[in-house]
Each structure stands twice: as structure tokens, then as C-alpha cells.
Amino acid sequence: QTALQQALAGTGRYCCEFRILREDGALGWIQDRGHVVERDEAGQPLRMIGSVVDITERKQAEARLRQAASVFTNTQEGILIVDAQKRIVDVNPAFTRITGFEPVDVRGKTPRILGEGLQSDAFYEEMEHQLDASGSWQGELLNRRKGGEAFPVRLSIDVVHDSDGEIVQYVVVFSD
């Protein structure tokens, strides 16, 4: 009501989002928008048009994204997000804590930077073959911390596809 009253007295436009209780007892979200399209000689609103849109699905998607972001940020396992070209696009705080590498140190580089020279090319070829065949890989390998120290990790890689079946990214999760 306050937003509507302010819009009527000022700019003539308003937009609000609020929860509603549906007839079936479920909670939902709506977005209510409107603007004044006609005023009298004194500037008082005479006519307003607007729309009410059910935004429940959008709000639920936003909640899922916040939850996923929280898991990414707060988990104890290191996580790398790798694009379809096999370049690191993001890492979580646990990755930095475990490896010593800051996000800026690894973004745009391949994950092999962490295990350079510690695994054979044949090892990586077999990993790639299994990723192509099944969409995932799990195993143990050696990585290096920023200071050069090698350490063993338990690692899993999952391929993420879009609705057309194209590879969008790889999600790599590991623990020391």
C-alpha cells in the first residue's frame, strides 16, 4: 500500500513483489506493477493500468541458486568450475585454502596446472576417455600446492550438458 500511495503521489509508477497464500494453502509470489495513465487538472490520478504476474517459479529458482552458492562457498571440499574448453572459470574458498592458489592465479588455465608433471599423458587420456564415455570420473591423483609441494587428492569430475547435449562445463570436486 505504501509503494502504491507513493507512486500515485509521485512518479506514477510502482512495482512490488510479495507473497500470497493460494486457495490450495500453498505460498506463492506475485509481482504487481502499474502506472498512472491519466490525471485530472489538479494532477490527481484518474486512471491506472498494471499487471499482476505469478513469479513463484522465479523466486524458487533464485532460492535454489542461493542454496547452490552457499554450498559452493561453505563446503570443505575444493571445487573448480571448468568451461567446455577446459579452462578454469571459478574456484571456491576451500580450493584456495587447500592449494594456496587464489582464483586469479588459476582462472583461464587448465586444471592440469595443479598436477603438471605428476601424472602421465596416458593417465589424462584415460581420464578424458572415461569422461567422454560416462560423463564422470573419480579417482586419486597428485596435485601441487602453490608452493610446489605435491599432495594426494580424491577427485571427482562431472560433465554438465545443456538441453541440446552439448558440454557446458565440468564440475571438479576434490579433497586433500
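# A guided tour of the predicted model

A search of the whole structure finds 10 salt bridges. The structure on the screen is a predicted model, and the tour starts with one of these pairs.

**Stop 1: a pair of charged residues.** Select Arg-58 and Glu-17, which form a salt bridge. The closest N and O atoms of this pair are 2.6 Å apart. Side chains of opposite charge can pair when their charged atoms come close. What does the pair tie together? Arg-58 belongs to helix H2 and Glu-17 to strand E1, so the salt bridge links parts that are 41 residues apart in sequence.

**Stop 2: the sheet of three strands.** Now display the sheet that contains E1. Here 3 strands form an open sheet in the order E1-E2-E3, and their pairing is antiparallel. Strands of a sheet pair through backbone hydrogen bonds, either parallel or antiparallel. Select residues 13-21 for strand E1 and residues 45-54 for strand E3: these are the edge strands, and each pairs on one side only. On average, neighbouring strands of this sheet are turned by 25° against each other, direction ignored.

Next, select residues 27-39, which make up strand E2. E2 and E3 run antiparallel and are joined by 9 bridges. To see one residue pair, select Arg-39, whose bridge partner in E3 is Pro-45.

**Stop 3: the helices on this sheet.** Add residues 2-9, helix H1, which packs on the sheet and touches E1, E2 and E3. The direction of H1 makes about 165° with that of E1. Then add residues 56-74, helix H2, which also packs on the sheet and touches E1, E2 and E3. The direction of H2 makes about 125° with that of E2.

**Stop 4: the sheet of five strands.** Turn to the open sheet of 5 strands, which has the order E5-E4-E8-E7-E6 with antiparallel pairing. Which strands stand at the edges? They are strand E5 (88-91) and E6; each has a single partner strand, so one side of each is left without a neighbour in the sheet. Neighbouring strands of this sheet are turned by 25° against each other on average, direction ignored.

Leu-80 is a useful residue to select here. It stands opposite Val-91 in E5, and its bridge partner in E8 is Val-172. Between E4 and E5, which run antiparallel, there are 3 bridges. E4 and E8 also run antiparallel, with 6 bridges joining them.

Continue to E7 and E8, an antiparallel pair joined by 8 bridges. Select His-161, which stands opposite Ile-167 in E8. E7 and E8 form a hairpin with 5 residues between them. In the turn, select Gly-165, which has a positive phi of about 85°.

**Stop 5: the helix across this sheet.** Show helix H5, residues 121-134. H5 lies across E6, E7 and E8 and runs at about 155° to E6.

**Stop 6: the largest pocket.** The tour ends at the largest pocket, with a volume of about 360 Å³. Of the 19 residues that line this pocket, select the closest to its centre: Pro-111, Arg-112, Tyr-124, Met-127 and Ile-157. Which elements each supply at least two residues of the lining? They are strand E4 (78-83), helix H5 (121-134), strand E6 (136-144), strand E7 (150-161) and strand E8 (167-175). The largest share, 4 residues, comes from H5. Finally, colour the lining by class: 13 residues are nonpolar, 3 are polar and 3 are charged.

Note on methods:
Residues are numbered from 1 along each chain as its sequence is written. This is a predicted model: local features need pLDDT of at least 70, side-chain atom pairs count only at pLDDT 80 or more; totals for chains, interfaces and linings use all residues. Side-chain values use heavy atoms; hydrogens and water are left out. On a 1 Å grid over the protein atoms alone, a cavity is a set of points where a 1.4 Å probe fits but cannot get out, and a pocket is an open set with protein on both sides within 12 Å along at least five of seven lines; lining residues have an atom within 4 Å of a point. Grid points are joined across faces, edges and corners, and a volume is the space filled by probe spheres set on the points. Ala, Val, Leu, Ile, Met, Phe, Trp, Tyr, Cys and Pro count as nonpolar, Asp, Glu, Lys and Arg as charged, and the others, Gly among them, as polar. Two strands pair if DSSP finds at least two bridges between them. Axes are lines fitted to C-alpha atoms, for helices over the stretch in contact, and angles run from 0 to 180 degrees between N-to-C directions. Contact means heavy atoms within 4.5 Å. A salt bridge is a side-chain nitrogen of Lys or Arg within 4 Å of a carboxyl oxygen of Asp or Glu.
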